[in-house]
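Please look over the sequence and the structure shown below before reading on. The report that follows takes up a few local features in turn.

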Amino acid sequence: MSYRMQPTHCQGWPQEGLYRLLENVLSPAVAENPYEWTVYGTGRAIRNKAALLETQNLLADLREDETLLIQSGQPVAVFATHPMAPRVLISNGMLVPKWANWDHHYQLEQKGLLMYGQSTAASWAYIGAQGILQNTYETLREVAESWGGTLLGKWVLTSGLGGMGCAQPLAVKMNGGVAIVAEVSAEQIQRRLDTGYIDVATNSIENALQMAQAACRKKYPLSIGLLGHAGTIYDSIANRGMVPDIVTDQTPAHDLLRGYIPDECSVSEALRLRTENPSHYLTLSAQSVVRHTAAMLRFAKMGSIIFEYGNHLRAAAKEAGLEQAVNIPSFITLFARQRLSRGDGPLRFIALSGKAQDIFQLDAALLKHYPHNQRMTHWLHYAQENVHFQGLPARSVWLTYEEREQLCEWLPEYLNQQPPEAPLAITRDHFAGSTMASPHRETETMPDGSDAVADWPILNSLLMTASGATMVTVQQGGGVGVGQSLHSGMTLVLHSTEDLPTRLQRVLMGEAKLGVLRYQNAGYPPQPKRKGKDGVI
């Protein structure tokens, strides 16, 4: 295949693709705070400006038989390898278990020795809100099955409009429902208004409830941004006797110092107090998390469906003294586990050309090859009309195991017959199968008790390295915090080489098969047609 565009910074498209992905996650259109290298939440893509410039220079000179190693956002060196090896390998935020806690992490970070990368920030795979949007859409679609597959006439109370949480209101609307989203930052609310992730905004709880009730009665989707602290708003709504159909949350509770904002603080006051008196700030955050979580438990007794959306809220509340927080279920165990155990999972396609047409062309191919997947069809049509690209155009899709197998068969021919302007990159969230060990989220309540076994994401990263991925990462913390998870990232640049079909099969199907085996080893039923002859998969 041939592309109209040629690499502008690097010697080949694999290196160029990674160069552009790094630029992309740090662009103002994508990153929450690019001037401090923060992509979303408290996750950074690179350690500092000097590290960024050095990484870009090394990528520019990198040959097709060399590999760049990066340690927690700081380039280490370039090593001679071979063309099938990854061009970049990253280890981020890894600490020996006894020292894997926030106090030790902060000490090392202040010395400039590591950084916190969340998940797709440090692996340069963040695509703006769309990535989490599709996962949230899929989660809420599972919830909606108990109401006939729609949230029409139902309302959701949640909180957080940051780089992850902003997906919630649009995902609720996609499923036909009404969302009230508490957010303490007026700036974030305005940003989500400007990009269409919320429809209206108010600082009045009464006004928000009236709008939500009217939308439910008339059965039309609506998303409302409500300025204020989550705990205060949740308590106030519960005190009124109002019962949301669903209550969840996506505030940055994984980091009570630099992420969560306590009820007593405005945004500006929080920024000051974090520096002047961090211990007092942590005390206030812990108290607010307890109030926030206790209100969710009240809603459960009143009849709401409640769940944590993977942000460490329950564990933070328990650590602060609210033992009942563990009674709040996880979205993984309630809605995602069965699909993940079958080998289903999300992929992200990114147009390195920067041209939206490359993604719309891919959308058409997906619709052609999977005409019976109604969820995908609904998602793609809705996304084309309502989801604004942030930075490089991208598309996130969930594929079943069988659909992923089919993708590996038809995608190389599609790229030859309808080549995009420049290569596509395939990456993903750190969410499915063997890619994450997280006892408070992805691997919670495994049947065999292997919640904290972290071999699987390490095996995943080793397998991806051996299989020919363009970039492989191994990281700590994700969306739940230091010492709470280990996870791995993968990116494959679909550049013009004869070995693309082989790489696709090895990388995409190798990862899917390992994920199925992880769940099978934990006690989930064996999946049919997952093993080849002689036991080699």
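## Cysteines and the basis of the model

By the rule that a disulfide is a pair of cysteine sulfur atoms within 2.5 Å, the count comes to 0 disulfides. Two cysteines can nevertheless be described by their accessibility, where buried means under 20% relative accessible area, exposed over 50%, and partly exposed in between, using a 1.4 Å probe and protein chains only. Cys 216 is buried, with a relative accessible area of 13%, and Cys 265, at 5%, counts as buried too.

This is a predicted model, in which local features need pLDDT of at least 70 and side-chain atom pairs count only at pLDDT 80 or more, while totals for chains, interfaces and linings use all residues. Residues are numbered from 1 along each chain as its sequence is written, and side-chain values use heavy atoms, with hydrogens and water left out.

## Helix 12 and its surroundings

Helices (H or I, at least four residues) and strands (E, at least two) are DSSP runs numbered from the N terminus. Helix 12 covers residues 331-341, and because 8 of its 11 residues are buried, it is largely enclosed by the rest of the structure. Among these buried residues are Phe 331, Phe 335, Arg 337 and Leu 340, and what covers the buried residues includes helix 4, helix 14 (374-386), strand 13 (394-399) and helix 17 (500-522). At the N-terminal end, Ser 330 caps helix 12, with a side-chain oxygen 3.0 Å from the backbone nitrogen of Ile 332, and after the helix comes Gly 343, whose phi is positive, near 100°.

Helix 4, one of the covering elements, spans residues 129-144 and contains Arg 141, which counts as buried at 17% relative accessibility. Leaving aside neighbours within four places in sequence, Arg 141 is in contact (heavy atoms within 4.5 Å) with Gly 149, Asn 175 and Arg 375.

## Strand 14 and its partners

Strand 14 comprises residues 424-427, with Leu 424 and Ile 426 pointing one way, Ala 425 and Thr 427 the other way, and all of them buried. In a regular strand the side chains alternate between the two faces of the sheet.

Two strands pair if DSSP finds at least two bridges between them. Strand 12 (residues 345-351) pairs with strand 14 in the antiparallel sense over 4 bridges, and Ala 351 stands opposite Leu 424. Strand 14 also runs antiparallel to strand 17 (residues 486-493), to which 2 bridges join it, with Val 493 as the bridge partner of Ala 425.

Conventions: Polar contact = N/O pair within 3.5 Å; in protein donor to acceptor, adjacent residues only side chain to side chain.
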